[in-house]
Structure formats: C-alpha cells, structure tokens
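The following note is offered to a colleague examining the arrangement of chains and the packing of helices. Please read the points alongside the sequence and coordinates.

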Number of protein chains: 2
Amino acid sequence: GNVEAGKAKAAMCVACHGADGKAMIPTYPNLAGQNAPYLEAALRAYKNGERKGGQAAIMAGMAAALSDDDIANLAAYYASLK
Amino acid sequence: GNVEAGKAKAAMCVACHGADGKAMIPTYPNLAGQNAPYLEAALRAYKNGERKGGQAAIMAGMAAALSDDDIANLAAYYASLK
C-alpha cells in the first residue's frame, strides 16, 4: 500500500484511533506499528460483515466506504507509524 | 492486571503472538504495547463468542480457558511490552 495515500485517507480514523495511531480511548486499539496484513484482513472482515464484536457496527460503516486500494494504503500507513 | 502473572499465562500465546508480543506471522496482530482495556474487551468477546472473523475460532478456544484475572493479567502484560 501507499503510506502517503493512506495518511490522507486516515482523516476519518483519527477521531477514534488518534492522529498518531494511538487510540483516543483505551478500549479502542492502537494501530501504530500494527502488522499491515492483519490490518487489511481486519478492514476486509469489517467491510464484508464477517467481523463481529466490539465496535464492529461502527467499523463496518467506515470500511464500507473503502476500496481495496484504500484498505492497502491505510494498512501501510498505520504499520509505518512507530 | 498483574504483569508477572500475565507473562506466565502468556506461554500459550507465544506460538502465534511471539515471545515479545510481535506476531509470528503478519496476518496475526502484534500485542506489544496494545491498550490493556482493548485487549481485555477482545479476550472477553472471544470467550463469550461475540467476536467473529479472523481467527475467532482459535481464539475462542484459547479464551475459554481464561478466568477474569487471567484476562486482566494477560492484558496488563502485553500492554507493558514495547
């Protein structure tokens, strides 16, 4: 994925996951430094309704708007953060 | 949670999540430095069958063996790793 494109796309994630990928509230996961393939699989599972539990309802809405490229770019961006 | 007790309990997690909380394969999440409340919520959601998607089936089996204290200790342990 493309980190720059992911950073631009991440504007809609900042409210919960923080500008630096450290979640705003501790019941949400930090994304900074997470494995890109895991992040991609998680976003796809939210998008296709496979993933349940936690904030799956919110995340399904977020992921619905994402293309495969968006997903790859977001995953690359958050994996690139320390 | 108690970090030392969590570390002892984490023996069963190492195979997939790594001895240092960095996942052995990139489609599994890193746990090092993750938020303890998120980890606790995730383990409880696996334990009660609420969380689906990804490796939920494997994780449900792992979590079934965990008490509330185990869950709190594991979460504290992984959150304490850098």
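1. Buried area, as used here, is the accessible area, taken with a 1.4 Å probe, that two parts lose on being put together, summed over both. In this predicted model, chain B and chain A bury about 1,400 Å² between them. Carbon and sulfur atoms account for 46% of that area.

2. The contact draws 17 residues from chain B and 17 residues from chain A. On the chain B side, the residues that lose the most area to chain A are Asn30(B), Asn35(B) and Tyr38(B). Together they supply 30% of what that side buries.

3. A turn of 180 degrees, with a shift of 0.0 Å along the axis, lays chain B on chain A with an RMSD of 0.0 Å. The two chains are therefore related by a two-fold axis. Within chain B, the C-alpha nearest this axis belongs to Lys52(B), at 2.4 Å. Both copies use the same surface, as 100% of the contact residues of chain B recur in chain A.

4. Within chain A, helix α3 (residues 36-47) packs with helix α5 (residues 68-80) at an angle of about 140 degrees, the axes being 8 Å apart. This angle makes α3(A) oblique to α5(A), and their crossing is right-handed.

5. Helix α3(A) contributes Ala36(A), Leu39(A), Glu40(A), Leu43(A), Arg44(A) and Lys47(A) to this contact. From α5(A), the participants include Ile71(A), Leu74(A) and Tyr78(A). By class, the contact of α3(A) with α5(A) comprises 10 nonpolar and 3 charged residues, with no polar ones.

Terms used: Residues are numbered from 1 along each chain as its sequence is written. Chains are lettered from A and ligands numbered from 1 in the order in which they are written. This is a predicted model: local features need pLDDT of at least 70, side-chain atom pairs count only at pLDDT 80 or more; totals for chains, interfaces and linings use all residues. Side-chain values use heavy atoms; hydrogens and water are left out. Axes are lines fitted to C-alpha atoms, for helices over the stretch in contact, and angles run from 0 to 180 degrees between N-to-C directions. Helices (H or I, at least four residues) and strands (E, at least two) are DSSP runs, numbered from the N terminus. Angles under 35 degrees count as roughly parallel, over 145 as roughly antiparallel, 65 to 115 as roughly perpendicular and the rest as oblique. A crossing is left-handed if the near helix is turned anticlockwise from the far one by less than a right angle, and right-handed if clockwise. Contact means heavy atoms within 4.5 Å. Ala, Val, Leu, Ile, Met, Phe, Trp, Tyr, Cys and Pro count as nonpolar, Asp, Glu, Lys and Arg as charged, and the others, Gly among them, as polar. Copies are superposed by least squares on the C-alpha atoms of residues with pLDDT of at least 70 in both.
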